[in-house]
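Work through the two exercises below with the sequence and the coordinates at hand, and try each task before reading its solution.

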Amino acid sequence: MDSEVSWIVPRLMRRYADGGDFIVKEVDKTLTIMAETVSRSKMIGALAAQARHKHASLRNKCSWFLSVCLELPNSKELIIKEGEKIWPAISALLDDSSGDARMWAKKTCSLVLGVMSSRSEMEPYVSRYLTDAKVKQVIECAEKYKSGSIPKAAASTKPYTRRFSLNLGNNRDALPRDLLPLGSTLPNIVSKAMKSNASSSNRSEWLGATM
């Protein structure tokens with residue numbers, strides 16, 4: 001499924017602007033499953049591309065899921081390898097107009113500092129991709145919001161998703177009939193596709209029909 005991540009993630013995230021609480025929860029579950037299952041390099045690239053989306057709800061979730069991906073075990077090699085994608089996205093989210101996006105970006109900075117062990121180890125990697133002023137901002141956030149500094153109530157709460165009126169279509173009747181017994185939930189749809197023995201192109205067509 002790794003080869004499909006780059007287009008599945010944007011399509012799923014568009015659903016944050018499309019529906020109510022049920023759709024939002026289903027997308028949350030699906031992206032969480034993907035973060036733990038597919039290539040995190042692919043996942044981070046797809047998420048980073050959403051960091052400057054016009055809708056705050058998508059930027060909030062993008063910021064949150066970047067922290068989710070980097071909080072998983074064995075993240076140090078990933079942070080070093082994908083710095084070109086991670087740091088421009090985090091830098092943009094630190095200056096975001098949304099408080100949720102900023103808060104999760106700060107948490108991500110603190111997570112990276114925890115993985116890197118010290119400022120002296122973290123700073124050279126960040127400086128490869130950002131200006132001196134931005135590096136200073138990232139390091140200050142990392143040190144200020146290091147483990148335990150972000151209020152627990154905020155750190156444990158998923159970002160709020162505002163509902164936008166976009167005509168993206170959420171008609172259950174439009175789903176393929178063989179998916180209806182699954183309850184038409186996005187995690188089940190993606191999970192079934194991942195377990196399928198179908199070819200990559202067939203899985204792409206199948207998933208594309210549901211999103």
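**Exercise 1.** Which residues are buried in α3? Use the result to judge how the helix sits in the model.

*Solution.* The structure is a predicted model, and the burial assignments are computed from it with buried taken as under 20% relative accessible area. Going along α3, the buried residues are Arg40, Ser41, Met43, Ile44, Ala46, Leu47 and Ala48. Because seven of the nine residues of this helix, which spans residues 40-48, are buried, the helix is largely enclosed by the rest of the structure. The next step is to identify what provides the cover: the buried residues of α3 are covered by elements including α1 (5-14) and α2 (21-37), together with α4 (56-71), α5 (76-81) and α6 (83-94).

**Exercise 2.** How many aromatic pairs does a search of the whole structure find? Describe their geometry and location.

*Solution.* The search of the whole structure finds two aromatic pairs. One of them joins Trp64 and Phe65, whose rings are 4.5 Å apart centre to centre with 45° between the planes, a tilted arrangement. The other involves Trp64 and Trp104, and because its ring centres are 6.3 Å apart and its planes stand at 55°, this pair is tilted. Since Trp64 lies in helix α4 and Trp104 in helix α7 (residues 99-116), the pair ties together parts that are 40 residues apart in sequence. As for exposure, Trp64 and Phe65 are both buried, and Trp104 is buried too. Taken together, the ring pairs link Trp64, Phe65 and Trp104 into a cluster.

Key:
Residues are numbered from 1 along each chain as its sequence is written. This is a predicted model: local features need pLDDT of at least 70, side-chain atom pairs count only at pLDDT 80 or more; totals for chains, interfaces and linings use all residues. Side-chain values use heavy atoms; hydrogens and water are left out. Buried means under 20% relative accessible area, exposed over 50%, partly exposed in between (1.4 Å probe, protein chains only). Helices (H or I, at least four residues) and strands (E, at least two) are DSSP runs, numbered from the N terminus. Contact means heavy atoms within 4.5 Å. Rings of Phe, Tyr and Trp (its six-membered ring) pair if their centres lie within 6.5 Å; planes under 30 degrees apart count as stacked, over 60 as edge-to-face and the rest as tilted.
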